[in-house]
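Trainee: I should like a close look at a single part of this model, namely its aromatic cluster and the buried interior that accompanies it. Please treat the matter as one connected account.

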Amino acid sequence: MLDVLGLEPDDERVYRALLGRPNSTAVLLADLLALRQAPVDTALSRLTEWGLASRSTDERFTAAPPAMALGALISQRRDGLRMAEQALVTFAEEHRAAMTGSSISDLIEVVTGVDAIRHRFLQVQQAARTQVRSFITAPFVALPPDENTAEPMALDRGVLFRAVLDRAVLAEPGIVRDAIESLRNGVQLRVTDHLPMKLVLADADLGLVPLAVTPAGEPGAVLLHRSGLLNALDALFETVWRTAHPLELPGRGAGSEALVEVGPQGPTELDRRILALLLAGLTDQTAATQLGLSPRTLHRRLRRLMDLAGVQTRMQLGAYAVRSGWAEHLST
């Protein structure tokens, strides 16, 4: 549990034992934990050095209060991570500056082979700080969606995932189940009749484009750094995203293995009710409860309405609803 702070398993075991048995000797702790004395002595030395335990003149040890000792370690680790994030920004800016005017070979990396493509595919997602965008087509070159271990970790970091699926992908075994799980985890999914390519974008910095199989029989891909070509792929994704149809989870009582494709025609009656309650001044939580929705579902539907309206804020959405006639029946 405390390994994230740099403690070894024996350190944590000895510290927890000390919490319940202050003024203990190393011998007593070794007997209590069924450990050899050598690792206990090492753990006590480390705990004392880190301020997690104190030693008396007669070689007895007492644990420092967790709120004080562990709180200090957590603060140090948090400060260290903040400094690392600042260094990351600095390094990224230096890298971008170095890439300005770089040769083509510096901006484009050719990746060959399934293992190398898989490695780069995961790395691109791990490098994302704000969002990952992707075109998903069949067949899968690197790995199928259910084996994408980088996605849940990036979601936990707060990275936004948006993906457009080629309609043919939905016929692949297990894809509907994986799409439902992704939607539940907060991934935004849309579907379109045809996609021009496979694509993964991390922020505006990296792009991975799988290519056709090489003459030698190996699949290939191109890793792109920030460049005019990457900007073009960025614009391509956003254009396709705006015209693709959102995929949503069905309402309560529907089958667990179903998806709902939302057409581009405008707000549904449920959307209008959501707008009515929010424009009347209700909070998101209250509106969601009154409509029998989860807050996440309500936010997802609002995001879709903002995308349809081409606006960035809820205030702009309200004004657009009035202008476009979405609000004509809000009072009924």
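Mentor: The account below begins with the aromatic rings, passes to the nonpolar core and its elements, and ends with some individual residues in loops.

The model is predicted, and every value given here is computed from it. A search of the whole structure finds two aromatic pairs. In one of them, the ring centres of phenylalanine 135 and phenylalanine 237 lie 5.3 Å apart with the planes at 25°, so this pair is stacked. The pair brings together distant parts of the chain, since phenylalanine 135 belongs to strand β4 and phenylalanine 237 to helix α9 (residues 228-243), 102 residues apart. The rings of phenylalanine 237 and tryptophan 241 also pair: their centres are 5.9 Å apart and their planes meet at 20°, so they too are stacked, planes under 30 degrees apart being counted in that way. Here both partners sit in helix α9, four residues apart, which is about one turn of the helix. Ring pairs thus link Phe135, Phe237 and Trp241 into a cluster.

As to the surroundings of these rings, phenylalanine 135 is buried. Phenylalanine 237 has a relative accessible area of 0% and therefore counts as buried, the limit being under 20%. Tryptophan 241, at 4%, is buried as well. A charged residue is also placed at this cluster: arginine 162 lies over the face of tryptophan 241, at 5.0 Å from the ring centre.

The nonpolar core may be considered next. In soluble globular proteins, nonpolar side chains tend to be buried together. In this model the largest nonpolar core has 28 residues, and Val124, Phe161, Leu189 and Leu208 have the most contacts inside it. Two or more residues come from each of α6 (114-127), α7, β5, α8, β6, β7 (199-202), β8 (206-213) and β9. Helix α6 gives the most, with four residues.

Leucine 208 shows the contacts around one of these core residues. Apart from residues up to four places away in sequence, leucine 208 touches Ile117, Arg120, Phe121, Val124, Lys198, Leu199, Val200, Ala221, Val222 and Leu223. Three of the contributing elements deserve a closer description.

Helix α6 also holds glutamine 125. Its relative accessible area is 2%, so glutamine 125 is buried. With neighbours within four places in sequence left aside, glutamine 125 is in contact with Val132, Asn148, Ala150, Glu151, Ala154, Arg157 and Phe161.

Strand β9 (residues 219-225) is mostly covered, seven of its seven residues being buried. Pro219, Ala221, Leu223 and His225 point to one side of β9, while Gly220, Val222 and Leu224 point to the other, and all are buried. Strand β3 (residues 108-112) runs antiparallel to β9 and is joined to it by five bridges. Within this pairing, isoleucine 108 stands opposite leucine 224.

In helix α8 (residues 175-184), the buried residues are Ile175, Asp178, Ala179, Ile180, Ser182 and Leu183. Their cover includes α7, β5 (160-166), β6 (188-192), β10 (245-248) and α12 (295-309). Glycine 186 follows α8 and has a positive phi, near 100°.

Among the loop residues, threonine 137 lies between β4 (131-136) and α7 (150-156). Threonine 137 is buried, as its relative accessible area of 11% shows. Residues up to four places away in sequence aside, threonine 137 touches Asp166, Val169, Leu195, Met197 and Lys198. The C-alpha atoms of threonine 137 and methionine 197 are separated by 7.3 Å, although the two residues are 60 residues apart along the chain.

Two further loop residues call for a remark on the backbone. Most residues other than glycine have a negative phi. Asparagine 23, however, has a positive phi near 60°, and its place is in the loop between α1 (9-20) and α2 (26-33). With a relative accessible area of 47%, asparagine 23 is partly exposed. Alanine 34 likewise has a positive phi, near 55°, and lies in the loop between α2 and α3 (37-49). The relative accessible area of alanine 34 is 69%, so this residue is exposed.

Definitions and conventions:
Residues are numbered from 1 along each chain as its sequence is written. This is a predicted model: local features need pLDDT of at least 70, side-chain atom pairs count only at pLDDT 80 or more; totals for chains, interfaces and linings use all residues. Side-chain values use heavy atoms; hydrogens and water are left out. Buried means under 20% relative accessible area, exposed over 50%, partly exposed in between (1.4 Å probe, protein chains only). Contact means heavy atoms within 4.5 Å. Two strands pair if DSSP finds at least two bridges between them. Rings of Phe, Tyr and Trp (its six-membered ring) pair if their centres lie within 6.5 Å; planes under 30 degrees apart count as stacked, over 60 as edge-to-face and the rest as tilted. A charge sits over a ring if NZ of Lys or CZ of Arg is within 6 Å of the ring centre and within 35 degrees of the ring normal. A nonpolar core is a set of buried Ala, Val, Leu, Ile, Met, Phe, Trp, Tyr and Cys residues joined through side-chain atoms within 4.5 Å.
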